[in-house]
Amino acid sequence: MTAKLRVKKVYKIFGDRPKEALALLAEGESKESIFQTTSQTVGVQNASFEVDEGQIFVIMGLSGSGKSTMVRMLNGLIRPTSGEILIDGDDVASCSGSKLRDIRRNKIAMVFQHFALFPHRTILENAAYGLKVKGVPAAERNAKALTALEQVGLSSWAHSKPADLSGGMQQRVGLARGLATDPEVLLMDEPFGALDPLIRREMQDELLSLQATLKKTIIFITHDLSEALLLGDKIAIMKDGRIVQIGTAQEIVSNPADDYVAAFVADIDRGRVFTAETVSSEPSVMQLNTDTAGDAVRTMEDQNLNAVYVMDGEEIAGVVTYQQAATADRDSGPSDVHLSDVMQTDYPTTDMDTQLADLYGAASGGLPIAITDADNRLVGVVEPEAVFAQLSVPSETAESDEADASTAPENTELKLEDAR
Ligand SMILES: Nc1ncnc2c1ncn2[C@@H]1O[C@H](COP(=O)(O)OP(=O)(O)O)[C@@H](O)[C@H]1O
Ligand SMILES: [Mg+2]
């Protein structure tokens with residue numbers, strides 16, 4: 001993957017004596033004390049990150065943490081006090097005004113939280129507005145705006161006025177306005193921040209389904225960690241102008257960098273963050289035509305398993321539990337028991353991307369869940385205990401490792417009850 005955007009050691013100080021503030025930052029002074037002693041505001045300090053092409057990169061943090069300042073610098077709307085911001089290798093922090101205009105015209109577009117739709121203009125005109133500003137001729141901008149409206153499912157409303165549309169639909173017009181300019185990088189500063197939860201959910205899904213086909217490079221700002229975790233391929237968490245952690249949703253939730261992040265993570269539904277992949281293990285399998293129930297018993301004893309999958313060549317034939325195999329093997333005396341006599345042909349399956357929350361039911365059945373790929377091949381298994389252990393890990397940074405081992409069995413039983 002190639003990095004579309006590289007941000008290197010960027011600082012933004014608001015005020016007329018930035019050098020003084022930078023010097024104090026270098027001495028380890030806080031944003032607050034610097035403001036008190038110099039009345040300079042630290043907007044962003046020492047921010048570095050990279051965004052790959054086609055990724056959604058989320059910047060998350062409380063109000064005042066520097067998110068908008070960061071995104072305005074990416075856009076060249078304000079220049080950093082120091083540092084580099086490379087878009088395809090061009091530094092928007094230091095390039096000429098004409099180069100910057102060129103980048104903003106051709107590469108990067110912003111979707112604002114309070115984008116205003118013009119009430120007396122049609123939806124099409126509203127969607128085409130960004131192109132009009134860029135001086136694109138009418139026929140071309142209308143065609144592009146119509147394509148963008150199609151992408152958000154609103155082409156049949158092209159000739160209506162904003163007042164004819166619901167709040168959620170108006171939001172989608174705002175999105176279409178950003179998309180119509182066909183930017184390579186889309187900046188979205190809390191675009192769904194003012195929406196009620198249902199419409200917000202709808203817009204998040206809309207964005208994800210658009211992104212599945214458009215594959216834009218998107219910088220998405222939010223103050224809501226669940227939104228960040230849902231949308232972000234990568235997430236940067238900001239506090240007082242600093243980036244305190246960068247990682248995937250799974251990395252952040254399983255390993256919060258400090259108490260600030262841990263406090264956000266505490267309320268998160270882990271079942272919606274982690275997937276089958278997080279808890280998958282290498283499958284240990286028996287072969288239907290060559291292995292016996294006795295072989296299965298020994299394998300499960302060696303590997304401490306409750307059940308094991310049985311393969312017929314490349315295909316899954318069934319699953320056999322320790323109890324079934326051991327009982328049959330014991331009762332048969334010295335003669336071998338064929339696996340087909342003891343295996344169950346009914347077994348739970350899933351794929352790598354399924355969220356853990358959607359595996360509770362299957363996991364509470366007690367059998368390992370078969371993870372299959374697109375060709376229906378067995379690529380892993382999810383042991384039920386692994387699902388419940390993952391969901392019951394406390395997210396405090398400090399004791400999580402110890403607590404993990406000591407509380408898992410208890411919690412597993414509890415959760416099993418809950419899931420039934
Ligand atoms: N134009 C400005 N002049 C002075 N201070 C500013 C300006 N813009 C933002 N700030 C300050 O910079 C910090 C970061 O603000 P902002 O980037 O808007 O945060 P966020 O978007 O995360 O809420 C805040 O302390 C804010 O008061
Ligand atoms: Mg902001």
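The following exercises, with worked solutions, concern a predicted model.

**Exercise 1. The nonpolar core**

Determine which residues have the most contacts inside the largest nonpolar core, and where this core lies relative to domain 1 and domain 2.

Solution. Begin with the membership: the largest nonpolar core has 111 residues. Within it, the residues with the most contacts are Ala127, Ala176, Leu187, Ile219 and Val320. Next, consider the domains. Domain 1 (3-107 + 183-267) and domain 2 (277-388) both contribute residues to this core, so the core lies between them. In soluble globular proteins, nonpolar side chains tend to be buried together. Finally, take Ala176 as an example: leaving aside residues up to four places away in sequence, Ala176 touches Ala127, Ala148, Leu149, Gln151, Val152 and Leu154.

**Exercise 2. The shell around ligand 1**

Identify the residues around ligand 1, the elements that give two or more residues to the shell, and the division of the shell by residue class.

Solution. First, list the shell: Phe14, Thr41, Gly43, Gly61, Ser63, Gly64, Ser65, Gly66, Lys67, Ser68 and Thr69 surround ligand 1. Second, assign the elements. Strand E2 (41-52) and helix H3 (67-74) are those that give two or more residues to the shell. The most comes from H3, with 3 residues. Third, sort by class: the shell comprises 1 nonpolar, 9 polar and 1 charged residue.

**Exercise 3. Strand E4 and its partners**

Establish which side chains of E4 (residues 82-87) are buried, and which strands are joined to E4 by bridges.

Solution. Start with the faces. In a regular strand the side chains alternate between the two faces of the sheet. In E4, Gly83, Ile85 and Ile87 point to one face and are buried. Ser82, Glu84 and Leu86 point to the other face and are not buried. Then examine the pairing. Strand E1 (residues 3-14) runs antiparallel to E4 and is joined to it by 5 bridges; here Ile85 is the bridge partner of Val7. Strand E5 (residues 90-91) is also antiparallel to E4, through 2 bridges, with Ile87 opposite Asp90. Lastly, inspect the turn: the hairpin of E4 and E5 has 2 residues between the strands, and Asp88 has a positive phi of about 50 degrees.

**Exercise 4. Strand E17 and its partners**

Describe how E17 (residues 378-382) pairs with E11 and with E16.

Solution. Take E11 (residues 280-281): 2 bridges join this strand to E17 in antiparallel fashion, and Ser281 faces Val381. Proceed to E16 (residues 369-372), which is antiparallel to E17 and joined by 4 bridges; Ile371 stands opposite Gly380. The hairpin of E16 and E17 has 5 residues between the strands, and in this hairpin Asn376 adopts a positive phi near 65 degrees.

Technical notes. Residues are numbered from 1 along each chain as its sequence is written. Chains are lettered from A and ligands numbered from 1 in the order in which they are written. This is a predicted model: local features need pLDDT of at least 70, side-chain atom pairs count only at pLDDT 80 or more; totals for chains, interfaces and linings use all residues. A nonpolar core is a set of buried Ala, Val, Leu, Ile, Met, Phe, Trp, Tyr and Cys residues joined through C-beta atoms within 7 Å. A residue is buried if 20 or more other C-beta atoms lie within 10 Å of its own, exposed if 12 or fewer, and partly exposed in between; C-beta atoms are placed from the backbone. Domain bounds come from an automatic or database domain assignment. Two residues are in contact if their C-beta atoms, placed from the backbone, lie within 7 Å. A residue is near a molecule or strand if its C-beta atom, placed from the backbone, lies within 6 Å of it. Ala, Val, Leu, Ile, Met, Phe, Trp, Tyr, Cys and Pro count as nonpolar, Asp, Glu, Lys and Arg as charged, and the others, Gly among them, as polar. Two strands pair if DSSP finds at least two bridges between them.
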